[in-house]
Amino acid sequence: PFIDIANVKYFIGIGRDRNGHIPGDLLNYHFNEAGYKKVFNDKSAVILENPKALSRAYFPLYFKVVNQAKIEDIMMIDSTFDPRTTALLEKDLKIATTSGKGLSSILNYTPNMVKIKTEAENPEILILADQYDEGWKAKVDEEEVPISPANYIFRAGKVPAGKHEVVFNYYPKSFDIGLKISLVTLGSIILLSMFVIKRKQF
């Protein structure tokens, strides 16, 4: 199930014969057990599709707010936990319940910015299957909203009912510190230059 929530839709498998040699018609039995569909093959390679893969941005049916240590325990030990239907959040996003119903589509995707269009009848938790970091910020219709780690590594934010535009932007603290240092340095250079010019004038 963790492969499914990570939006892994395709795999490449190597076909071998009964002696383990390439090429062949036999695949690793794990691929067969998972129910992946064969969409292309040649003499030695096979492309398999994962029909259970979730979208990169989606609404979970359920959610729980738990601390990070407990999230690790649930994901590693609890056999009843299904990450395809339930999101484990580290932060309380101030929402009572979710239905998992609605539409979400990615409009623009870059390493530092993701823009998503959402539509739902009720407030929902939006999961983005990308790595969480403190430097990520989120806005819904230009208004900043809190986000939380979800299922240990992904990002999650609350979206209101109706149609909205959600934007995740990456703005790490190191960039803010570097910008401030650069501005201070630039200001110092300007002041020093003005002082030198005035001294030459007199």
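## Ala129 and its surroundings

In which loop is Ala129 found? In this predicted model, Ala129 is found in the loop that runs between β9 (124-128) and β10. With a relative accessibility of 7%, Ala129 counts as buried, because the cut-off for a buried residue is a relative accessible area under 20%.

Leaving out residues up to four places away in sequence, Ala129 touches Ile5, Arg56 and Phe154. Another residue to look at beside Ala129 is Arg155: the two are 26 residues apart along the chain, and their C-alpha atoms are separated by 6.6 Å.

## The chain as a whole

The chain has 202 residues, of which 31% are buried, and its secondary structure consists of four helices and 14 strands. When contacts between residues at least 6 apart in sequence are considered, 64% of them join residues that are at least 24 apart.

## The five-stranded sheet

An open sheet is formed by five strands in the order β7-β8-β14-β10-β11, and the pairing within this sheet is antiparallel. The edges are taken by β7 (103-110) and β11 (143-145), each of which has a single partner strand, so that one side of each is left without a neighbour in the sheet. Neighbouring strands of this sheet are turned against each other by 25 degrees on average, with direction ignored.

Within this sheet, β8 and β14 pair in the antiparallel sense over eight bridges, and one place to see the pairing is Ala120, whose bridge partner in β14 is Gly162. Thr118 also belongs to strand β8, which covers residues 113-120. At 3% relative accessibility, Thr118 counts as buried, and, when neighbours within four places in sequence are left aside, the residues in contact with Thr118 are Phe59, Leu103, Ser104, Leu126, Val159, Gly162, Lys163, His164 and Val166.

## Strand β1 and its partner

Strand β1 (residues 10-14) presents two faces: Phe11 and Gly13 make up the covered face, whereas Tyr10, Ile12 and Ile14 make up the uncovered one. The strand is joined by five bridges to β3 (residues 45-49), and the two strands run antiparallel. Tyr10, on the uncovered face of β1, has Glu49 as its bridge partner in β3.

## The cavity

How many cavities of 30 Å³ or more does the count come to? The count comes to one, and the volume of the largest cavity is about 30 Å³. Its lining is made up of Leu126, Ala138, Val140, Val145, Gly157, Lys158, Val159, Val166 and Phe168. The elements that contribute two or more residues to this lining are β10 (136-140), β13 (154-159) and β14 (162-170), with the largest share, three residues, coming from β13.

By residue character, the lining divides into seven nonpolar residues, one polar residue and one charged residue. Three members of the lining, Leu126, Val159 and Val166, also appear among the contacts of Thr118.

## Backbone points to check

Most residues other than glycine have a negative phi, and most peptide bonds are trans. Against that background, three places in the loops deserve a look. The peptide bond from Ile22 to Pro23 is cis, with omega near 5 degrees, and Pro23 has its place in the loop between β1 and α2 (29-34).

Lys94, although not a glycine, has a positive phi of about 60 degrees, and this residue lies in the loop between β6 (86-89) and β7. Asn151, likewise not a glycine, has a positive phi of about 50 degrees, and is found in the loop between β12 (147-150) and β13. Are these residues buried or exposed? Lys94 is exposed, with a relative accessible area of 61%, whereas Asn151 is buried, with a relative accessible area of 3%.

Key. Residues numbered from 1 in each chain as written. Predicted model: local features only at pLDDT ≥ 70, side-chain atom pairs only at ≥ 80, totals over all residues. Heavy atoms only, no water. 1 Å grid on protein atoms, 1.4 Å probe; cavity = no way out; pocket = protein on both sides within 12 Å on 5 of 7 lines; lining within 4 Å. Points joined across faces, edges and corners; volume = space filled by probe spheres on them. Nonpolar A, V, L, I, M, F, W, Y, C, P; charged D, E, K, R; others polar. Buried < 20%, exposed > 50% of the residue type's maximum accessible area, 1.4 Å probe, protein only. Contact = heavy atoms within 4.5 Å. Pairing = 2+ DSSP bridges. Axes fitted to C-alpha atoms, helices over the stretch in contact; angles between N-to-C directions.
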